[in-house]
Amino acid sequence: VQLQASGGGLVRTGGSLRLSCAASGFTSDNYAIGWFRRAPGKERELVAAVRWSGVITHYADSVKGRFTISRDNAKNTVYLQMDSLKPEDTAVYYCAQRVRGPINMALAGTSGVYDHWGQGTLVTVSS
């Protein structure tokens with residue numbers, strides 16, 4: 001399985017970007033996708049996660065109401081729509097996939113529950 005994250009770039013405060021996480025080699029054992037980010041000098045944190053089946057999603061408090069995670073099962077792709085961007089959203093964004101089994105979404109923010117990681121895409125929000 002390979003995850004390819006794309007869509008990052010430079011945007012002004014208040015602007016929008018849509019990130020994509022495309023997976024190759026998907027099997028039926030895809031249980032969840034998470035978007036994480038790592039800002040300079042900070043720990044990696046969960047931004048949003050979605051179960052592959054059903055409609056359960058999870059968002060970090062800092063992005064609720066501004067970011068939306070969605071999936072296209074047919075395209076094996078997960079999107080992160082980011083609106084009302086702020087300078088503090090500047091980070092490298094990574095997508096991660098869980099394949100080993102169902103996930104308790106309360107644990108979605110734990111890096112260790114994911115099995116595969118993409119290479120990251122840089123988002124820079126200027127003030």
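## Close-up views of a predicted all-strand chain

**Figure 1. Gln-119 and the residues that touch it.** Leaving aside residues up to four places away in sequence, Gln-119 touches Leu-3, Gln-4, Ala-5 and Tyr-94. Keep in mind as you look that this is a predicted model. To find Gln-119, go to the loop between β10 (116–117) and β11 (121–126). How far apart are Gln-119 and Ala-5 in sequence and in space? They are 114 residues apart in sequence, yet their C-alpha atoms are 6.6 Å apart. Gln-119 has 43% relative accessibility, so it counts as partly exposed.

**Figure 2. The whole chain, to help you find your way.** Before the next close-ups, here is the setting. The chain contains 11 strands and zero helices, so reading from the N terminus you meet β-β-β-β-β-β-β-β-β-β-β. Its radius of gyration is 14 Å, close to the 14 Å given by the globule rule for 127 residues, so the chain is as compact as a globular protein of that length. The C-alpha trace spans about 40 × 25 × 25 Å along its principal axes. Of the 127 residues, 44% count as buried. Take the contacts between residues at least 6 apart in sequence: 57% of them join residues at least 24 apart.

**Figure 3. Strand β8 and its surroundings.** Why is strand β8 (residues 77–82) described as largely enclosed by the rest of the structure? Five of its six residues are buried, so the rest of the structure largely encloses it; a residue counts as buried when its relative accessible area is under 20%. Strand β3 (residues 17–24) pairs with β8 in the antiparallel sense, over six bridges. Within this view, look for Leu-17, which stands opposite Met-82 in β8. Strand β7 (residues 67–72) also pairs with β8 in the antiparallel sense, over six bridges. Here you can pick out Ile-69, whose bridge partner in β8 is Leu-80.

**Figure 4. The turn of the β7–β8 hairpin.** β7 and β8 form a hairpin, with four residues between them. Which residue in the turn has a positive phi? Look for Asn-76, in the loop between β7 and β8. The phi of Asn-76 is near 50 degrees, a positive value in a residue other than glycine. As a reminder, most residues other than glycine have a negative phi. Asn-76 has 25% relative accessibility, so it counts as partly exposed.

**Figure 5. Ser-84, in the loop after β8.** Move on along the chain to the loop between β8 and β9 (91–98), where Ser-84 lies. What is the phi of Ser-84? It is near 50 degrees, a positive value in a residue other than glycine. Is Ser-84 buried or partly exposed? At 42% relative accessibility, Ser-84 counts as partly exposed.

**Figure 6. The surface and the charged side chains.** The accessible surface of the chain comes to about 6,400 Å². Carbon and sulfur atoms account for 49% of that surface. How many positive and negative side chains does the chain have? There are 14 positive and 9 negative side chains. The centres of these two sets lie 1 Å apart.

Key. Residues are numbered from 1 along each chain as its sequence is written. This is a predicted model: local features need pLDDT of at least 70, side-chain atom pairs count only at pLDDT 80 or more; totals for chains, interfaces and linings use all residues. Side-chain values use heavy atoms; hydrogens and water are left out. Buried means under 20% relative accessible area, exposed over 50%, partly exposed in between (1.4 Å probe, protein chains only). Helices (H or I, at least four residues) and strands (E, at least two) are DSSP runs, numbered from the N terminus. Two strands pair if DSSP finds at least two bridges between them. The radius of gyration is taken over C-alpha atoms; the globule rule is 2.2 Å times the number of residues to the power 0.38. Contact means heavy atoms within 4.5 Å. Accessible areas come from the Shrake-Rupley method with a 1.4 Å probe; for residues, only the protein chains shown count as cover. Lys and Arg count as positive and Asp and Glu as negative; His and the chain ends are not counted. The place of a charge is taken as NZ of Lys, CZ of Arg, CG of Asp or CD of Glu.
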